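Work through these exercises with the model open. Try each task before reading its solution.

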Amino acid sequence: MKDIKWLDHLDAVTDFSFSKGEPEWMTTLRQEALKKADELPLPHIERVKFHRWPLFSINELTDQTPESGNVAAFDAMKDNPLVVQQGTLTVFEQLSADLAEQGVIFTDLFTAMQEYPELVQEYYMTKAVEMDEDQLTALHAAFMNSGLFLYVPKNVVIKEPIESLFIQEGAFSQHFFKHVLIVADEHSEFSYLERFQTTGEELQKVSGNIIVEVIAKAGAKVKYAAVDQLGENVTAYMNRRGHILRDAFVDWAIGVMNDGNIVADFDSDLVGEGGHAEVKIVAISSGKQTQGIDTRVTNKAPHTIGHILQHGVIRERGTLTFNGIGHILKKAKGADAQQESRVLMLSDKARGDANPILLIDEHEVTAGHAASVGRVDPEEMYYLMSRGLRKEEAERLVIRGFLGSVLTAIPVEAVRKELVAVIEGKLNV
């Protein structure tokens with residue numbers, strides 16, 4: 001990695017920006033990110049050694065078109081807002097005329113930059129994730145090759161779920177650098193469901209760098225759900241972050257069900273008084289896979305609430321690390337930071353870690369944590385098997401019970417059902 005000189009890619013990055021018709025500010029942002037990338041450190045994720053992972057394989061910044069007849073199948077019969085992207089291309093967009101008339105914007109990021117440049121510029125890597133935080137955010141800013149923009153105007157309440165499907169085509173070796181920018185204006189309210197999937201049987205090794213920014217302005221309510229199922233060919237950095245203003249609420253529900261090595265940074269910054277974040281994560285690691293998940297809530301303002309609930313299961317030789325970080329800053333009186341991280345290991349060769357961290361810089365606050373790493377209780381297994389269940393069936397029941405406390409806390413029924421189905425698929429492998 002030290003031999004890479006990122007500035008050598010300056011002409012290619014500039015040409016790509018021009019080819020996409022990006023505004024001047026975006027071209028400049030890419031160029032500045034590339035200039036800083038060589039000097040910036042990698043992010044620090046406790047107890048996860050990812051520095052030698054192949055996160056830096058950058059291929060041509062050109063769109064790769066799916067072969068004829070190879071466009072992914074999906075259910076376009078529902079009338080809720082939906083965007084489907086296959087590789088770097090948007091293959092389907094759906095937004096009702098009624099929502100468009102109310103000012104809702106839901107489109108690919110390049111189109112949004114052309115049609116709403118000032119709106120995108122105001123929020124793109126300026127509030128939640130800044131371009132020069134570390135080397136991975138800088139490389140993302142420079143080499144981002146696809147993305148999505150969702151804007152819900154002030155006081156608009158959307159009843160039906162807003163959905164996106166991002167497909168990484170396994171046959172392509174193109175890097176998978178996707179950016180999702182979600183802006184919930186004051187007192188807006190909606191649910192958003194995001195899926196990442198890898199398709200195909202011949203899988204090329206690919207680097208992934210995914211950043212999701214959720215800006216929740218005063219009084220906004222966002223239910224954000226994600227089901228991550230990237231293939232074993234994708235080694236990825238995933239950064240999801242909320243910038244939560246006064247009395248806004250972001251309810252995160254994330255299923256980390258990938259097959260490749262993943263380092264994830266899930267953060268909520270409670271910057272306005274009364275801001276509230278609930279973070280619920282379920283994860284499964286298997287094979288020789290490593291997944292490191294850094295979940296942080298930072299209470300920056302008074303009377304903010306940040307709760308983390310994450311449960312994970314490890315099979316075979318898999319590795320799973322949960323870092324739960326609650327940080328109450330000075331002047332955040334009345335803040336509440338709670339977290340629970342639990343890991344269940346199903347094999348003697350599995351490796352798990354639940355690392356709770358509480359940083360308290362203010363008096364008159366509430367904070368607490370719980371963490372555990374353990375194996376399946378042999379007495380519980382014996383009891384289930386004595387009732388006629390095979391070992392695999394008994395193990396599955398134990399896992400369902402272990403993950404159930406997180407799944408039942410997810411407020412959107414459709415997301416709960418989908419995650420249960422995905423978990424069943426992972427356990428049946």
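Begin with strand S8 (residues 206–216) and strand S10 (residues 234–244), which pair in the parallel sense over 11 bridges. This is a predicted model: local features need pLDDT of at least 70, side-chain atom pairs count only at pLDDT 80 or more, and totals for chains, interfaces and linings use all residues. Residues are numbered from 1 along each chain as its sequence is written, and side-chain values use heavy atoms, with hydrogens and water left out.

**Exercise 1. Place S8 and S10 in their sheet.**

Task: Find which residue of S10 is the bridge partner of isoleucine 215, then give the strand order of the sheet.

Solution.
- Step 1. Fix the terms. Helices (H or I, at least four residues) and strands (E, at least two) are DSSP runs, numbered from the N terminus. Two strands pair if DSSP finds at least two bridges between them.
- Step 2. Isoleucine 215 has histidine 243 of S10 as its bridge partner.
- Step 3. The sheet is open and holds 9 strands, in the order S3-S4-S6-S8-S10-S12-S14-S16-S18, with mixed pairing.
- Step 4. Its edges are strand S3 (105–108) and strand S18 (351–360), each pairing on one side only.
- Step 5. From one strand to the next, the twist averages 5 degrees. Axes are lines fitted to C-alpha atoms, for helices over the stretch in contact, and angles run from 0 to 180 degrees between N-to-C directions.

**Exercise 2. Describe the other sheet and the helices packed on it.**

Task: Give the order of the 10 strands, then name the strands that H8 and H9 touch.

Solution.
- Step 1. The 10 strands form an open sheet in the order S2-S1-S5-S7-S9-S11-S13-S15-S17-S19, and the pairing is mixed.
- Step 2. Strand S2 (89–94) and strand S19 (366–375) are the edges; each has a single partner strand, so one side of each lacks a neighbour in the sheet.
- Step 3. Neighbouring strands of this sheet are turned by 5 degrees against each other on average, direction ignored.
- Step 4. Strand S11 (residues 249–256) and strand S13 (residues 276–285) run parallel and are joined by 8 bridges. Alanine 253 has lysine 280 of S13 as its bridge partner.
- Step 5. H8 packs on the sheet and touches S13, strand S15 (305–314) and strand S17 (336–345). The direction of H8 makes about 165 degrees with that of S15. Contact means heavy atoms within 4.5 Å.
- Step 6. H9 packs on the sheet too, touching strand S7 (189–199), strand S9 (221–229), S11 and S13. The direction of H9 makes about 15 degrees with that of S9.

**Exercise 3. Classify three helix pairs.**

Task: For H1 with H2, H8 with H9, and H7 with H8, state how the axes cross.

Solution.
- Step 1. Know the classes. Angles under 35 degrees count as roughly parallel, over 145 as roughly antiparallel, 65 to 115 as roughly perpendicular and the rest as oblique.
- Step 2. Helix H1 (residues 10–19) and helix H2 (residues 24–37) have axes that come within 9 Å and cross at roughly 160 degrees. H1 and H2 are therefore roughly antiparallel. The contact involves Leu10, Val13, Thr14, Phe16, Ser17 and Phe18 of H1, and Met26, Thr27, Arg30, Gln31 and Leu34 of H2.
- Step 3. The axes of helix H8 (residues 391–407) and helix H9 (residues 413–427) come within 12 Å and cross at roughly 150 degrees. That makes H8 roughly antiparallel to H9. Among the contact residues are Ile399 and Leu403 of H8, and Leu419 and Ile423 of H9.
- Step 4. Helix H7 (residues 378–386) and H8 pack at about 125 degrees, with axes 9 Å apart. H7 and H8 are therefore oblique to each other. Glu380, Met381, Leu384 and Met385 of H7 meet Lys391, Ala394, Glu395, Leu397 and Val398 of H8.

**Exercise 4. Locate leucine 40.**

Task: Which residues does leucine 40 touch, not counting those up to four places away in sequence?

Solution.
- Step 1. Leucine 40 lies in the loop between H2 and strand S1 (82–86).
- Step 2. It touches Asp132, Asp134, Gln135 and Ala138.
- Step 3. The C-alpha atoms of leucine 40 and threonine 137 are separated by 9.6 Å, with the two residues 97 apart along the chain.
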